[in-house]
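Okay, thanks for coming, everyone. Let me put the structure up and walk you through it.

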Amino acid sequence: MALSITTWNVNSLRKRRDGLEGLVRLVEPDVICLQETKVRDEEFPSEWVKALGYPHIHAHGMPGYNGVAILSRHPLARLSVRSWLSKNDCRHISATIPLAGGIEIHSVYIPAGGDVPDPTKNPRFAHKLGFLEAFGKWSGVRRRGSPHVVLTGDLNVAPLPTDVWSHEKLLSVVSHTPREVELFDRAFKAGRWVDAVRHVVPAEERLYTWWSYRAPDWAKADKGRRLDHVWVTPALKPQIKWASALREARGWKTPSDHVPVTVVLEV
DNA sequence: ATGGTTGGTAGCCAA
């Protein structure tokens with residue numbers, strides 16, 4: 001059977017009710033991984049999420065910032081919350097879907113890192129580098145009894161030259177600096193991950209999942225970056241059937257600055 | 001070189 005998984009940084013779930021309805025209407029994902037929900041668990045809008053067709057919810061949020069969730073049409077087991085660098089900042093949860101011997105799904109939100117790409121001047125960039133390093137160590141450890149893993153999220157790094165509108169110009173812009181890309185690549189290689197989206201969309205082709213709110217005309221300028229990713233474990237590689245970034249979602253009324261990214265697996 | 005917009009939540013911080 002087909003299993004479709006979407007990851008989307010919604011930049012406030014409560015502001016994205018229409019957006020989520022649009023996503024479900026167009027894509028009908030079986031599982032939706034969210035980042036930047038910006039809602040504490042007591043205020044999570046479970047009722048309308050369930051009414052959209054996602055009765056199984058795993059959420060971990062806090063006031064104002066961050067927050068991740070997994071919405072599912074399939075039951076979720078082994079619900080887990082992970083904290084990074086001794087902070088409980090609601091950036092990583094996982095759950096297992098009881099298909100194909102268990103598919104462990106992760107929703108991850110890596111720190112954006114602020115504007116200045118110098119860890120001695122910008123503590124948020126230092127935090128991002130530390131996070132990427134720790135994430136890389138974790139990502140290399142494959143756990144027993146969990147044959148399939150799908151890691152999704154706003155990883156806040158655009159690794160390839162074709163993941164940004166200008167490789168040269170963005171070498172000094174947080175999200176595409178050599179140091180970040182190096183740590184990102186190390187995490188990717190350590191886990192023997194497969195980039196499910198680039199498995200479908202060739203690396204030669206430009207692909208973006210985020211466009212700044214600050215551009216007067218995001219579509220015309222088209223200065224995007226691919227910050228949102230779906231990684232799968234090697235055994236799932238032959239099962240990747242389709243992948244796409246829903247570019248049109250950036251043009252919706254009251255959009256997120258990120259668009260949903262979907263991968264379809266045959267499991 | 002700077003500022004541009006959005007969101008949360010209370011007069012700025014984070015993205």
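Before we look at the DNA, one bit of vocabulary: when I say polar contact, I mean a pair of N or O atoms within 3.5 Å. And keep in mind that this is a predicted model.

So, with that cut-off, take Arg-16. An N or O atom in the side chain of Arg-16 sits 3.2 Å from a phosphate oxygen of DNA strand B. Tyr-213 uses its backbone instead: a polar atom there is 3.1 Å from a sugar or linking oxygen of DNA strand B. Then there's Arg-214, where a polar side-chain atom is 2.3 Å from a base nitrogen of that strand.

Zooming out a little, 16 residues surround DNA strand B, and the ones that come nearest are Ser-12, Lys-15, Gly-64, Arg-124 and Arg-214. Sorted by class, that surface has eight charged, five nonpolar and three polar residues. What do the strand B atoms within 4 Å of the protein belong to? Sugar or phosphate for 67% of them, bases for the rest.

Now the fold. There's an open sheet of six strands with mixed pairing, and the order is β5-β6-β7-β8-β12-β9. At the edges you've got β5, residues 77-81, and β9, residues 194-195, each pairing on one side only. Inside the sheet, β8 and β12 run antiparallel, joined by five bridges; Asp-154, for instance, has Asp-228 in β12 as its bridge partner.

Two helices to point out. Helix α3, residues 123-139, packs on the sheet, touching β6, β7, β8 and β12, and its direction makes about 170° with that of β7. Helix α5, residues 178-190, lies across β9 and β12, at about 25° to β12.

Definitions and conventions. Residues are numbered from 1 along each chain as its sequence is written. Chains are lettered from A and ligands numbered from 1 in the order in which they are written. This is a predicted model: local features need pLDDT of at least 70, side-chain atom pairs count only at pLDDT 80 or more; totals for chains, interfaces and linings use all residues. Side-chain values use heavy atoms; hydrogens and water are left out. Two strands pair if DSSP finds at least two bridges between them. Helices (H or I, at least four residues) and strands (E, at least two) are DSSP runs, numbered from the N terminus. Contact means heavy atoms within 4.5 Å. Axes are lines fitted to C-alpha atoms, for helices over the stretch in contact, and angles run from 0 to 180 degrees between N-to-C directions. A residue is near a molecule or strand if one of its heavy atoms lies within 4 Å of it. A polar contact is a pair of N or O atoms within 3.5 Å; within protein, one must be able to donate a hydrogen and the other to accept it, and residues adjacent in sequence count only if both atoms are side-chain atoms. Ala, Val, Leu, Ile, Met, Phe, Trp, Tyr, Cys and Pro count as nonpolar, Asp, Glu, Lys and Arg as charged, and the others, Gly among them, as polar.
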